[in-house]
Amino acid sequence: MNLNATLVAQLVVFFILAWVTMKFVWPPIVKALDERAKKVADGLAAADKAKNDLALAEKKVVEELRKARESATDVRASAEKQAAVFLDEARAEAARIIAQAREAAEAEAGVAAQRAKEALRDQVAQLAVAGAEKILRKEINAQAHADLLANLKQELQ
Amino acid sequence: MSTGTEAHAPTAGEYIVHHLTHLNSTGHAQTAIIDWSVWNLDTLFFSIGLGVVTLLILIKAANGATSGVPGRFQAAIEILVEMVADQAKGIVHSAESRKFVAPVALTVFFWIFLMNSMDFLPVDLLPRIGEMFGLHYMRVVPTADLNGTLGMSIGVLLICLYYNIKIKGFGGWIHELFTAPFGSHPLLYPINFLMQMIEFLAKTVSHGMRLFGNMYAGELVFMLIALMGGTATVFGFLGHIVAGSIWAVFHILIVALQAFIFMMLTLVYIGQAHESH
């Protein structure tokens, strides 16, 4: 452990190394570190912001869904109401048509019955006259008893 | 180490002394305690070489610096840079000074870490290779040379003096030398001045000596362990493996810790230069 000129050389080397490090090593590394720190901070901030935006968007979506559901309910209710109205109207119309048809059928049936009755009455009168003719041919003069027959016919009507 | 090829195997004492002798510009061990005409070529070679390696690694990291996703190498260097920057921020309160002081601390840490790490190489590997090329002495750990560590600690002292004068002004600093720590009284001036001188001396010497002592002792223990293996007995062989493994693992801690301590003290001393009493 003797001292000699090596000490001075070491001293000079020490300063040269320190100077080179100060000039060419330290600044770029520290600059890169600072920049990266800033980048990371920015990234974190952006992530936070995105998270908030997402939460807001989700809230909005829920709100929109609720609105849509509400309006759908409204639409359905009014549609049902309208359908009920239509149904009632249709039912009333149908009832009216049925009644009309029945009335017409009844009227027709009445006319037909009347007509049949008259025809029957004629036939019965003729049958009666024919029968009476056969019975009375021999003893009754058709002419003398015409009044009687006419009366009978009248009664049968 | 004795391999049996030499004319005679060195004794344990000769082995240790041989390994603790620097390869210097005179070609034989330095006799005077201080001799400014001698250069320790091995210390210079390894410290400058590792300094260049330090710079190459750091410059590679600096060129690859990106604000995007870093690779593993990049991230490793950045962890170191962040660690040093954080420590510097906590100790040196002038942002302007930190532009120089923090890089100094980073360099010091990285460089000393690499120089200390030379201890992990087998103690005989590089000296043995050196012998093949005719170099009879070689010490591979620059921080186990007092010249190396004191050179750095005196560098730190010069930085401290620079900031003392820069921050307080030359007059302010001289004033502080005579009035702190005991107070401003003509009778106290010499005592204050003496205390300040002792403080500067103690800081610088202990700064350099601490690192030197740790690495020197670590190197010496590796040599003793190697000597045990050199007995070529079963006991020596097993002892070498067990003790060598334990000490090498423990030394990882010392290498990193001493580099860290040297860096921290560099920051602390420079930080103190910024504070007025």
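This report walks through how chain A and chain B meet, and then visits two residues of chain B.

The model is predicted, so a local feature is described where pLDDT is at least 70 and side-chain atom pairs count only at pLDDT 80 or more, while totals for chains, interfaces and linings use all residues. Residues are numbered from 1 along each chain as its sequence is written, chains are lettered from A in the order in which they are written, and side-chain values use heavy atoms, with hydrogens and water left out.

**The interface**

Let us start with the overall picture. Chain A brings 30 residues into contact with 54 residues of chain B, where contact means heavy atoms within 4.5 Å. The size of an interface is often given as the accessible area lost when the parts come together. Here the two chains bury about 3800 Å² between them, and 75% of it is on carbon and sulfur atoms; buried area is the accessible area (1.4 Å probe) lost on being put together, summed over both parts. Of the area that chain A buries against chain B, 19% comes from Gln10(A), Phe14(A) and Trp26(A), more than from any other three residues.

The rule finds 1 salt bridge across this interface, taking a side-chain nitrogen of Lys or Arg within 4 Å of a carboxyl oxygen of Asp or Glu. Its partners are Arg36(A) and Glu78(B), with the closest N and O atoms 2.7 Å apart. On the chain A side, the elements giving two or more residues are β1 (3-4) and α1 (6-136); these are DSSP runs, with helices (H or I) of at least four residues and strands (E) of at least two, numbered from the N terminus. The most comes from α1(A), with 25 residues.

Strand β1(A) also pairs across the chains: 2 bridges join it to β1 (residues 34-35) of chain B, and the strands run parallel. DSSP must find at least two bridges for strands to pair. In this pairing, Leu3(A) stands opposite Ile34(B).

**Two residues of chain B**

Accessibility classes are buried (under 20% relative accessible area), exposed (over 50%) and partly exposed (in between), with a 1.4 Å probe and protein chains only.

| Residue | Helix | Relative accessibility |
|---|---|---|
| Gln74(B) | α3 (residues 72-91) | 7%, buried |
| Leu158(B) | α6 (residues 146-179) | 39%, partly exposed |

Leaving aside neighbours within four places in sequence, Gln74(B) is in contact with Ala61(B), Gly64(B) and Ala65(B). With residues up to four places away again not counted, Leu158(B) touches Leu11(A) and Phe15(A). Leu158(B) and Thr204(B) are 46 residues apart in sequence, and their C-alpha atoms are 9.9 Å apart in space.
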